[in-house]
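User: I'm new to this structure, so please pick one part and take me through it slowly. Explain the terms as you go.
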Amino acid sequence: MSIRTRPNPRLSAWSAAARSIASSSPASLFRNSLQPVAHDEAQSDSRNVRMLRMIMFGKPGAGKGTLSGRLVKKYDILSLSTGDLLRMHIQDKTEIGRMAKEIVAHGGLVPDELMLQVVTSKLDHLHNKHWILDGFPRTLAQGELLNTHLNKQNTPLSLVVNLDVPDDIILSRISDRWVHLPSGRVYNLSYNPPKVEGFDDETGEPLTKRPDDNPEIFARRLEKFYSTTSPLLDFYARLSQTRISPPPHRHPHQHPHQLAFHTKPPHRLMLQSISGTTSDEIWPQLETVLKDAFPGLKERVDSADIRRRHSLSDAIAAASVAASMPSK
Ligand code: AP5
Ligand code: MG
């Protein structure tokens with residue numbers, strides 16, 4: 001599916017924002033620092049399945065939420081969006097929500113320690129699960145805190161995907177974005193419109209505009225990305241060159257010299273940049289990366305089942321058409 005570009009008066013303000021940002025955007029930073037990196041043994045779980053512990057990285061509006069949602073729908077993966085979590089806190093008026101409300105509304109970044117707390121309180125329940133982090137980390141300090149935390153738990157990151165989408169494409173998407181706040185489901189009037197305009201496909205509840213999706217605030221978010229978040233790419237490029245040996249797992253009654261037989265091979269973080277402007281370009285690349293590097297990923301039974309039912313009904317329909325044809 002390709003993006004339909006059509007004249008849109010709302011876009012003029014966005015284009016102005018894009019021009020001011022694009023002129024200061026070190027676009028080459030991404031391409032240079034993100035060549036695909038070969039990886040060896042990624043850390044596996046107790047059943048020896050290579051675990052997906054992934055960061056979906058990209059500018060605001062690059063499609064992190066949309067693509068994570070698609071992966072979660074198709075595969076047995078969980079995803080955690082810090083933006084969605086914060087919006088829920090803000091809506092529920094929790095203490096975190098009260099602290100974050102103004103910052104999010106103005107396109108700033110919530111303090112690192114608070115974000116780590118928000119994320120790890122969820123992540124620590126996801127041992128032996130495949131997961132994706134969307135929107136975290138966003139600063140070098142968050143990246144380092146996350147790394148230390150995961151290594152301590154012996155659940156290191158296995159994949160960072162950078163969605164490399166040009167600024168002008170992003171700005172045109174954002175002006176057409178509508179969201180279902182309780183679920184985080186994202187729609188776009190031209191790319192993936194809801195079945196009924198203005199309402200969520202699954203619950204029928206009304207869709208809303210994000211308050212931080214106006215040209216002025218969005219420009220600030222994009223600026224923040226370039227100044228504060230993009231240096232993380234170099235951090236992950238360096239990590240992807242480093243082999244990490246997991247600490248040996250020792251049974252309480254095991255003699256130390258037996259350790260060699262029970263250590264897992266060292267693993268390396270895999271870093272992959274995916275460029276494109278349409279889902280036709282981005283989705284197949286993303287799926288290929290995941291399928292190749294994580295062969296143990298399972299499709300959800302319901303999605304495989306729906307496809308089976310579709311192909312079964314296709315077969316029945318084809319058979320009944322054939323039966324109704326006059327025989328030669
Ligand atoms: P967050 O909600 O994470 O916002 P963001 O990173 O700015 O990213 P977005 O959600 O805007 O974009 P997206 O990449 O998910 O794109 P989407 O899939 O929607 O964070 C919000 C705020 O919370 C931050 O500004 C900050 O204040 C705070 N915060 C969050 N995490 C934090 C942290 N770690 N530390 C500190 N503060 C934090 O897609 C965009 C649009 O494009 C949609 O309309 C979609 O339908 C459309 N689209 C997607 N893919 C395609 C495609 N292939 N073709 C055409 N259209 C497409
Ligand atoms: Mg998002």
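Analyst: **From the lid to Arg87 and its helix**

The UniProt record, in an unreviewed entry, places the feature "domain: Adenylate kinase active site lid" at residues 177-212. UniProt positions follow the numbering used here, feature names are shortened, and annotations may be inferred rather than shown by experiment. What you're looking at is a predicted model, where local features need pLDDT of at least 70 and side-chain atom pairs count only at pLDDT 80 or more, while totals for chains, interfaces and linings use all residues. Residues are numbered from 1 along each chain as its sequence is written, chains are lettered from A and ligands numbered from 1 in the order in which they are written, and side-chain values use heavy atoms, with hydrogens and water left out.

The span 177-212 is 0% helix and 22% strand, and its end C-alpha atoms lie 11 Å apart. Helices (H or I, at least four residues) and strands (E, at least two) are DSSP runs, numbered from the N terminus.

Now for Arg87, which sits in helix H4. Arg87 is buried, with a relative accessible area of 15%; buried means under 20%, exposed over 50%, and partly exposed in between, using a 1.4 Å probe and protein chains only. Setting aside neighbours within four places in sequence, Arg87 is in contact with Leu181 and Arg210, contact meaning heavy atoms within 4.5 Å. Its side chain also makes a polar contact with the side chain of Asp84, at 2.8 Å. That term means a pair of N or O atoms within 3.5 Å; within protein, one must be able to donate a hydrogen and the other to accept it, and residues adjacent in sequence count only if both atoms are side-chain atoms.

What does H4 rest on? H4 lies across E2 and E3, at about 60 degrees to E2. Axes are lines fitted to C-alpha atoms (for helices, over the stretch in contact), and angles run from 0 to 180 degrees between N-to-C directions.

E2 and E3 run parallel, joined by four bridges, and Ser81 stands opposite Asp134 in E3. Two strands pair if DSSP finds at least two bridges between them. They belong to an open, parallel sheet of five strands, in the order E2-E3-E1-E4-E7. E2 and strand E7 (270-275) are the edge strands, each pairing on one side only.

H4 has another partner: the buried residues of H6 pack against helix H4 (82-92), as well as strand E2 (78-81), strand E3 (131-134) and others. Those buried residues include Leu114, Met115 and Leu116.
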